[in-house]
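Biologist: Hi, could you walk me through this one? I'd like to get my bearings before lunch.
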Amino acid sequence: MQIKRRKSRVIKIGNLLIGGNNPVAIQSMTKCRTADIDKVLKQIRELENAGCEIVRLAVKDIQDARSLKKIKREAKLPLVADIHFDYRLALEAIESGVDKIRLNPGNIYKKEEIREVVAGLKAAKIPLRIGLNSGSVRDLRSKSAADKLVKSALEYIRIVEGFKFYNIVVSLKASNVLDTVSAYNKLSGLCDYPLHLGVTATGSPFAGAIKSSVALGSLLLGGIGDTIRVSLTDIPVREVYAAKVILESLGLRKFGPSIISCPTCGRCAVDLVKIVRELEEKLAAMTLGPKSRKALRIAVMGCVVNGPGEAKEADIGVAFGKSAGLLFKKGKPVKKVAYADCVDVLLKEIAK
Ligand code: SF4
């Protein structure tokens, strides 16, 4: 099955193109004060290593906005300034050299203020994300949350287009799956701007990843979506790991090795959950390394009953006995591996 992507216009964010036939880009946010430059840069580097392609930073005061100048000089990823309430922070962020501005129509809606920001965006030649959240959308007396989001987005788009500005990305995030999917589906047929997909306030990493997968998965399957953010109450890199799995599972992107592991049962004599978690985290952090870009299938199986057979299907696999595992490559047993060494051994094999 091949996904037929919606035809959207191409927008440039720093050196990255989104929309059209460009790959669906992964984005996340830093989760510390933007004025804390060292911490922000550390998180941006971690995000970049994890495979993030666009990073957004909360700009809540003038200090944050001015800090963006230094962050921009050091960071490699395209930077998006996230602006609420005070349009002057957007002007300052543009001055600091960011690659995109996100405005929330729920709290920056005066035409004169939008006009000023758009003039700054035009001069800097950078795009705007019209980023709606169901929690802050102004009441437009429509019936459903999805209709409110769509109406509000269209109204804002019209204002911005009125200033002859079309360098736009749109997001319509509701806090539940059905409203989010409905809003994006409706808007997708009403404009050709690239869509930034996300569900807002999803909750714990477990529930959040599932809600995001259902919402983003169903939209992406229908060809809708040019960039995604998986919002999780967790460290930023886990949002990127989740986004990568969503895109890979739909065949939209390939990031490198993927793990197949058994669910375990009474036959498993080792802590397979711990091994898989450790391997997954370490792999996700190294997938952009030049040696590990190959789309390998790595099997981690809990016992020697079904394990070896299933591990044989993978490029590299390990099937465990009581305390040691048997390493397989392309279906052939290679050597015994001690439980304590198995993650390191697999990582070395993957990097070869
Ligand atoms: S591979 Fe072994 S341990 Fe894992 S689920 Fe199958 S039988 Fe159970």
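Biologist: Which residues of helix 1 and helix 2 meet each other?

Modeller: Keep in mind that this is a predicted model. Ile37, Val40 and Leu41 on the helix 1 side meet Ser67, Lys70, Ile71 and Glu74 on the helix 2 side. By class, that contact has 4 nonpolar, 1 polar and 2 charged residues.

Biologist: And at what angle do helix 1 and helix 2 cross?

Modeller: Roughly 35°, with the axes of helix 1 (residues 37–50) and helix 2 (residues 62–74) coming within 10 Å. The crossing is right-handed.

Biologist: Okay, switching to the overall layout. How is the protein divided into domains?

Modeller: Domain 1 covers 11–249 and domain 2 covers 258–351. Their C-alpha centres lie 37 Å apart.

Biologist: Now the sheet of 8 strands: what order do the strands come in?

Modeller: The order is 8-7-6-5-4-3-10-9, in an open sheet with parallel pairing.

Biologist: Which strands stand at the edges there?

Modeller: Strand 8 (168–173) and strand 9 (196–197) do. Each has a single partner strand, so one side of each has no neighbour in the sheet.

Biologist: Can you give me one pairing from that sheet, say strand 5 with strand 6? How many bridges join them?

Modeller: There are 4 bridges between strand 5 (residues 79–83) and strand 6 (residues 100–103), and the two run parallel. As an example, Val80 has Lys100 in strand 6 as its bridge partner.

Biologist: What about the sheet of 5 strands, how is that one ordered?

Modeller: That open sheet runs 11-12-13-14-15, and its pairing is mixed. The twist averages 20° from one strand to the next. At its edges are strand 11 (258–261) and strand 15 (332–338), each with a single partner strand, so each has one side without a neighbour in the sheet.

Biologist: Do strand 13 and strand 14 run parallel or antiparallel?

Modeller: Antiparallel, with 5 bridges joining strand 13 (residues 316–320) to strand 14 (residues 324–329). Val318 has Leu327 of strand 14 as its bridge partner.

Biologist: Which strands does helix 11 lie across?

Modeller: Helix 11 (residues 342–351) lies across strand 12 (297–301), strand 13, strand 14 and strand 15. Relative to strand 13, helix 11 runs at about 165°.

Biologist: Last one, the ligand. Which residues come nearest to it?

Modeller: Of the 12 residues around the ligand, the nearest are Cys262, Cys265, Cys268, Gly302 and Cys303. By class, the shell has 7 nonpolar, 4 polar and 1 charged residues.

How values were computed:
Residues numbered from 1 in each chain as written. Predicted model: local features only at pLDDT ≥ 70, side-chain atom pairs only at ≥ 80, totals over all residues. Near = placed C-beta within 6 Å. Nonpolar A, V, L, I, M, F, W, Y, C, P; charged D, E, K, R; others polar. Domains from an automatic or database assignment. Pairing = 2+ DSSP bridges. Axes fitted to C-alpha atoms, helices over the stretch in contact; angles between N-to-C directions. Contact = placed C-beta atoms within 7 Å. Left-handed = near helix turned anticlockwise from the far one by under 90°.
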